[in-house]
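I am opening a fresh page of my notebook for this structure. Come along while I look things up, one entry at a time.

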Amino acid sequence: MTTSDNTSSSESPGSSAPSTLVAASARTPLWRDVVVLKWVTQVFLLAVVLSAMWFLASQAGDNLRARNINTDFDFLERPVDIQLGEGIDTHPDTGGRALWAAMVNTLRLSVAGIIFATVLGVIVGLARLSDNWLVRRIASGWVEMLRNIPLLVQMIVYYSTMTAALPRLGLDAGPINGWLHVSNKGISMPRVHIADGFYQWAVVVLIGAVAAHFVRRHRQRIQDETGANASPILWALGTVALFGLVGLVVHPAFFWLGAVFGAIADLLDSLPNAVPQLLLSAIAVGFATTWISRFVSDHRSARGHLSLTDDDWFRIAFTALVSLVLVYVAVRWTGLSSWILNSGRDLFGVLEAKFDVDGAARPFDAMRPDIVQKAKFPNYGKNGLTMSIGFASVFFAVVFYTSAFIGENVRGGILAVSKGQTEAAKAVGLGRGQILRHVVLPQALRVILPPTGNQYLNLVKNTSLAVAVGMSDIVQVGTTVFNQTGRTLPVVAIWMLFYLSCSLTISVVVNWFNVRMQLVER
Amino acid sequence: MTDATPAEPTAGQIRDLSRGRDMIVCEDVSKWYGDFQALDKVSATIKEQEVVVVLGPSGSGKSTWIRCINRLEIHQEGRIVVDDVELTNDLRNIEKVRSEVGMVFQQFNLFPHLNILDNVSLAPIWVRKKPRAEAESQAMALLERVGIPEQAQKYPGQLSGGQQQRVAIARALAMEPRIMLFDEPTSALDPEMIKEVLDVIKTLALSGMTMMVVTHEMGFAKEVADRLIFMEGGQIVEENTTELFFSNPTEDRTKLFLSQIL
Amino acid sequence: MGGFGIGSRNSAVVPSANVPIAAPPEVLKLPPREWVKANLFSSPFNSVLTLLTTVVLLAIFRGFLAFVFDPVRQWDSTATNLQLFMTRAYPDDQYIRIWFCVAVILILTGVSMAVWRAGSTMPVAAIGHKLLGTGALLVLLALLAPFSASATIQWLVAALAVAATGEVLRRSPGKGEDERTVSTLTVLVIALAGLVASLWVVPYGHHTYIANRVPRVLAEPGTVALTTKLPWTVMLLIVVTAYFAGRLMRDRLPANPIRATLMVLWLLAPPVLVYLVLRDPDFDIGHVVGTDLPIFLAYATGGAALLSWLTRPSTGEAGRIIAVLILLVGFCTFLTPMRMVVRIDMLMLAVFALAAPTFAGGPRARKRYAVGWLGVLGVASWLITSINTPSTVEVPGGFFIGGLSITLMVAVFTILFSFPLGIGLALARTSSMPIFRHLSTGFIEIVRGVPLITILIFFSIMVPLFLPTGMHLDEVTAVIIGYVLFSSAYLAENVRGGLQSVTRGQHEAADAVGMTTAQKTVFIVLPQALRVSIPPLVGHCIGVFKETSLLAIIGVFDLLYIARIVIPGQTEFMGSARENLLFVSVIYWIFAYQLSKASQRLERRTGLGER
């Protein structure tokens with residue numbers, strides 16, 4: 001870290017300062033220079049944080065060694081003895097498969113929860129503003145009751161009530177062939193599921209999506225030119241649907257993609273470690289150089305005059321240093337590169353296997369509920385779409401709980417739309433429903449969306465309480481996995497990665513909608 | 001306070017400023033905001049006890065300049081020397097200059113969570129390290145000097161704009177500065193309150209305080225200033241004694257400005 | 001680390017938990033018939049809606065009553081285990097300690113209510129209106145519940161009595177000059193007194209559970225046990241006396257010193273009550289005099305001397321260098337094995353030394369600073385010593401308290417410790433220094449992106465592994481650390497909203513009078529920012545209180561765990577989970593709802609919402 005230019009700000013390098021006029025000023029001692037102090041403090045804090053982490057990690061390392069606990073990820077490929085209550089695989093053969101099935105359960109719960117909580121939340125919010133006194137009071141009672149009782153308590157109340165009140169799945173329950181079956185083991189109904197030909201069909205739909213993009217652009221242009229409503233979105237959706245339908249017939253045509261993926265997997269297998277190392281280093285250096293060059297050009301005036309404070313120079317130096325550290329890590333940590341290569345190879349290997357099916361395979365199939373009798377106790381089999389009591393209680397709890405918060409957001413958003421808007425709409429003769437749909441809601445949505453996005457994030461995180469009612473979500477299965485294998489740290493790392501990616505995805509989606517809303521406003 | 005007798009000639013004319021010390025020296029001060037050059041080689045010297053009024057259209061860089069002198073903004077080229085202390089990255093110099101230069105803002109910027117007495121005495125207690133009792137009696141004396149001792153226990157939100165600005169002046173004076181900077185002190189005030197604030201500033205000028213005032217009040221400038229500086233586009237366009245500035249401006253841009261404003 | 005918050009602008013503003021519903025005042029100026037027409041039957045659609053919801057509502061209410069008053073329900077499981085719910089297995093012969101703690105909290109509450117002038121007045125008619133509503137609800141209950149005929153009549157009579165009282169009160173003079181009003185505090189005290197009096201009169205029955213006796217459940221008719229009704233009566237007297245004592249103090253003494261003292265007492269109460277009173281450490285005098293006292297004295301004298309030098313205005317930059325050196329020494333103590341208290345004291349001294357120039361001043365200011373150091377050091381040393389001393393209170397398994405006590409304890413400690421941490425994170429996140437900002441942003445966003453339960457599981461398992469050999473932390477402490485980190489990230493976002501509301505002019509004004517960054521932050525920025533953040537912070541506190549229920553998943557004996565696992569596990573009360581869960585829900589609801597109401601009142605009083 002250079003400190004050559006800390007004497008005074010008048011000597012910014014790269015400037016054409018008329019130095020003749022500036023009398024030599026006394027050199028500022030380092031410990032009194034604000035810029036130096038600022039950066040020394042920051043680097044000091046960084047050092048403290050890093051050394052504290054190092055201290056804790058080494059401490060944990062010693063303790064783990066002393067207790068013979070490993071921290072590697074090999075449990076993902078080792079057999080485990082776990083049974084999931086429900087999901088894509090109830091008897092997974094490896095730890096990785098178990099966690100994957102649990103993740104799918106969490107995702108199902110989250111997606112279903114978000115959809116139903118939104119619908120219920122909007123109803124609650126509108127009811128809070130109803131003309132009807134009784135409806136208004138019920139809605140506010142709903143909100144005040146649900147959000148002042150801990151979610152976990154609600155969840156457990158639903159769970160105990162359902163297990164106690166629903167009919168038991170008796171010992172004599174034989175094969176069933178109905179549409180819906182409810183018992184204290186869960187709720188089961190027929191399901192449509194993905195079959196072997198699905199991935200080939202998905203390629204057709206993907207092509208359809210690309211085509212739909214162009215169709216939408218085309219229709220949009222027509223609408224912009226003629227002014228008539230050309231409904232571009234509908235056309236785009238129609239295109240996708242058309243491709244989907246055609247795909248049901250023509251999908252075996254894409255069998256050759258399997259060979260392509262196989263070739264890529266072989267190529268990745270043969271690549272030396274140096275390739276990802278070089279790639280990572282190039283990315284690190286590339287990011288740093290673009291950041292620095294953008295930074296410099298931002299600080300350059302139209303006349304090409306560069307004005308950088310000492311602080312800016314420190315920032316540039318720090319960025320360069322960080323990129324060098326990253327390059328060092330990429331080069332020295334060979335495990336990272338081979339992991340990238342291996343997982344890339346595995347990914348394409350899996351894709352190859354997915355396309356390696358008989359040409360007549362259907363993309364979709366349907367099945368109806370059944371009952372299996374493992375050991376003594378009857379249970380629902382894999383054929384139906386089954387929701388266990390645990391799943392149901394978590395689902396109802398998060399939907400009801402979140403609906404109270406979303407309802408308040410909806411109410412606040414609608415109240416934020418000024419009264420004048422409603423009166424103006426009434427004045428031009430719009431009906432109550434029309435006002436709500438065309439005037440109030442579009443404007444209120446801009447206010448409602450950001451806090452509701454936060455509620456979606458909370459909902460996804462709240463599904464983790466499923467561990468309390470024994471529903472096999474990622475936290476429950478992860479706990480079982482580390483109890484069996486002792487790999488606490490890796491499992492916690494997987495949890496964090498999973499939830500952070502969920503949060504990131506929701507943020508990106510909601511922000512995308514938000515930006516679109518702001519555009520509509522203009 | 002001492003020679004507060006209303007005098008026909010301006011303060012500068014009865015005082016001989018030529019032999020005074022240089023209080024503020026600016027040499028080729030330049031500053032950019034990204035592409036935009038806010039100050040372009042501004043050079044000026046302000047003597048002890050001198051009162052300088054800075055004029056100019058909005059966006060001409062006069063506020064930026066005055067804020068650079070207190071290092072609320074950091075200049076990028078040139079030198080600023082305040083009372084023989086150069087403004088650099090040196091922590092000690094910055095502290096010294098800030099405690100010697102008082103500043104009054106357009107928006108008053110009183111601390112809304114403190115009462116008037118605490119607003120004035122806070123900095124003397126914690127920056128000047130004065131005992132509380134002494135700081136508070138000094139604060140009361142200053143409030144008396146700006147004419148609102150009875151408001152000492154109220155909060156800024158309960159005061160009118162003019163009263164707030166007078167408190168802001170008292171707050172700056174509590175640090176016993178040798179230089180006062182005024183950044184459009186009357187621009188945010190209702191017309192009927194401008195006079196009470198200008199009167200306070202006038203008395204202060206007559207007491208011999210070195211002052212730089214950015215203002216649009218021409219009458220005030222004529223009456224109080226020793227010297228006027230006209231800025232435009234980040235540059236000093238014209239600099240002259242008050243009498244000559246108004247009676248015989250040399251630059252065309254100054255003439256245009258004066259014709260628009262008078 | 002990018003922000004995961006949605007719409008970065010808004011993420012700071014949205015409170016993590018309850019935004020109190022500002023109920024619009026119901027205008028009841030219309031005569032009843034017209035009111036019903038306007039609010040229930042204004043259109044055909046509305047009429048259908050009203051009829052439908054009424055039917056559904058009555059059906060639900062009836063179902064609920066059928067559940068509650070079903071003779072199969074084991075409500076005696078709740079009554080018998082009330083003590084378990086409150087304190088778990090705290091020994092009976094030491095129970096006076098619990099009552100002492102309750103008394104201290106009540107005294108502080110009473111005095112504070114008087115000093116901060118809590119409470120307001122409400123019209124008598126409003127009380128009448130509420131009673132009338134309650135009476136109507138009771139009539140409905142009497143008619144719908146599965147009672148015998150005589151019980152129905154008894155309930156009806158009681159309901160009508162309540163309604164009649166309400167109607168009489170409601171007819172008292174309404175708006176205008178002679179409107180009769182009554183202090184809300186009076187109403188509260190009358191209600192509480194009624195409750196306490198009922199303990200002496202009403203035959204609730206005397207239920208106890210004694211683990212080492214057969215039969216273990218005791219259920220006798222009559223009023224509740226003397227060990228219940230007597231202490232509560234005393235508590236009521238204490239809080240009323242404290243309130244009047246507080247009023248006396250408020251009128252006789254200067255306001256600021258009293259308020260400051262009360263604040264310090266409120267801050268000190270939780271750790272002192274939990275670790276000194278409830279836990280009752282068995283001090284080893286020899287060890288205290290031989291080791292703890294010398295360490296304390298060394299730090300006290302050395303620290304006071306050093307700080308009084310550092311707070312001299314003339315010390316200047318040399319002071320900063322010394323402070324940084326002390327900080328470095330403090331960190332270096334972690335490299336060598338030594339007593340934890342030496343390290344903690346050293347770090348505290350470093351913090352005080354770093355802050356010294358901010359509070360420098362004349363002899364009085366310097367003396368005050370040194371005394372502050374002695375106070376903090378004394379409390380910290382005492383607490384560390386007593387935490388490290390074995391307890392004399394013998395409680396089988398787990399932490400020494402449980403149930404509602406541990407719920408409240410975890411909530412209070414979490415809020416207490418996450419406050420400074422959250423404020424620090426918020427300051428770092430809004431700082432102009434990029435490394436501070438990135439570190440803080442990274443921490444906040446990672447913690448906010450992960451569910452609380454994973455953090456709690458991680459801490460309950462991993463904290464013992466992070467500790468150097470020879471150090472132990474019980475599970476509850478480890479979990480509280482997890483709670484604190486989690487809560488501080490959310491709290492930081494709330495405070496950040498407040499910090500962003502402090503205008504740039506305030507910063508500039510503070511700079512212009514020569515304040516240092518630390519002085520500016522402490523005296524100008526934080527007071528304003530915190531005031532703006534009060535509503536979201538109260539919401540956050542409610543959230544923390546609700547989140548303590550997650551303790552049950554970790555296996556700590558909190559309210560929920562006792563209701564779901566412990567009581568249904570008693571052979572006498574198999575299958576009583578639903579009754580006890582309902583009871584626990586009601587407890588949580590009362591606390592959370594009252595907190596949110598209180599925050600609404602506070603907001604209205606300070607006019608915060610209107611800004």
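**Entry 1: a lysine in a loop of chain B**

I looked up Lys130(B) and found it buried, because its relative accessible area is 14%, and buried means under 20%, with exposed over 50% and partly exposed in between (1.4 Å probe, protein chains only). This is a predicted model, in which local features need pLDDT of at least 70, side-chain atom pairs count only at pLDDT 80 or more, and totals for chains, interfaces and linings use all residues. For my bookkeeping, residues are numbered from 1 along each chain as its sequence is written, chains are lettered from A and ligands numbered from 1 in the order in which they are written, and side-chain values use heavy atoms, with hydrogens and water left out.

I placed Lys130(B) in the loop that runs between helix H4 (116–126) and helix H5 (132–145) of chain B. Helices (H or I, at least four residues) and strands (E, at least two) are DSSP runs, numbered from the N terminus. Setting aside neighbours within four places in sequence, I listed Pro124(B), Ile125(B), Ala135(B), Gln138(B) and Glu176(B) as the contacts of Lys130(B); contact means heavy atoms within 4.5 Å.

**Entry 2: two positive phi angles**

I then turned to Lys129(B), which sits in the loop between H4 and H5 of chain B. Its phi is positive, about 60°, although Lys129(B) is not a glycine. Lys129(B) counts as buried because its relative accessibility is 15%.

Glu176(B), one of the contacts of Lys130(B), also caught my eye. Phi of Glu176(B) is near 50°, a positive value in a residue that is not glycine. I found Glu176(B) in the loop between helix H6 (161–174) and strand S7 (179–183) of chain B. With a relative accessible area of 46%, Glu176(B) is partly exposed.

**Entry 3: chain B as a whole**

I noted 10 helices and 10 strands in chain B. Its C-alpha trace spans about 55 × 45 × 35 Å along the principal axes. Of its 262 residues, 61% count as buried. Among contacts in chain B between residues at least 6 apart in sequence, 67% join residues at least 24 apart.

**Entry 4: chain C as a whole**

For chain C I wrote down 25 helices and four strands. The C-alpha trace of chain C spans about 85 × 65 × 55 Å along its principal axes. Buried residues are 44% of the 611 in chain C.

How sure is the predictor here? I checked pLDDT, the predictor's confidence in each residue, from 0 to 100. Chain C averages 86, and 93% of its residues score at least 70. Among the elements of chain C, helix H1 (residues 8–11) has the lowest mean pLDDT, 38, and helix H16 (residues 404–429) the highest, 95. Over residues 1–27 of chain C pLDDT stays under 50, and the model has 72 contacts beyond four places in sequence for them. Where pLDDT is low, the predicted coordinates should not be read in detail. I also copied down the model's scores, ipTM 0.90 and pTM 0.86.

**Entry 5: a threonine in chain A**

Last, I visited Thr463(A), in the loop between helix H13 (432–462) and helix H14 (474–485) of chain A. Thr463(A) is buried, because its relative accessible area is 0%. Leaving aside neighbours within four places in sequence, its contacts include Thr106(A), Leu109(A) and Asp473(A).
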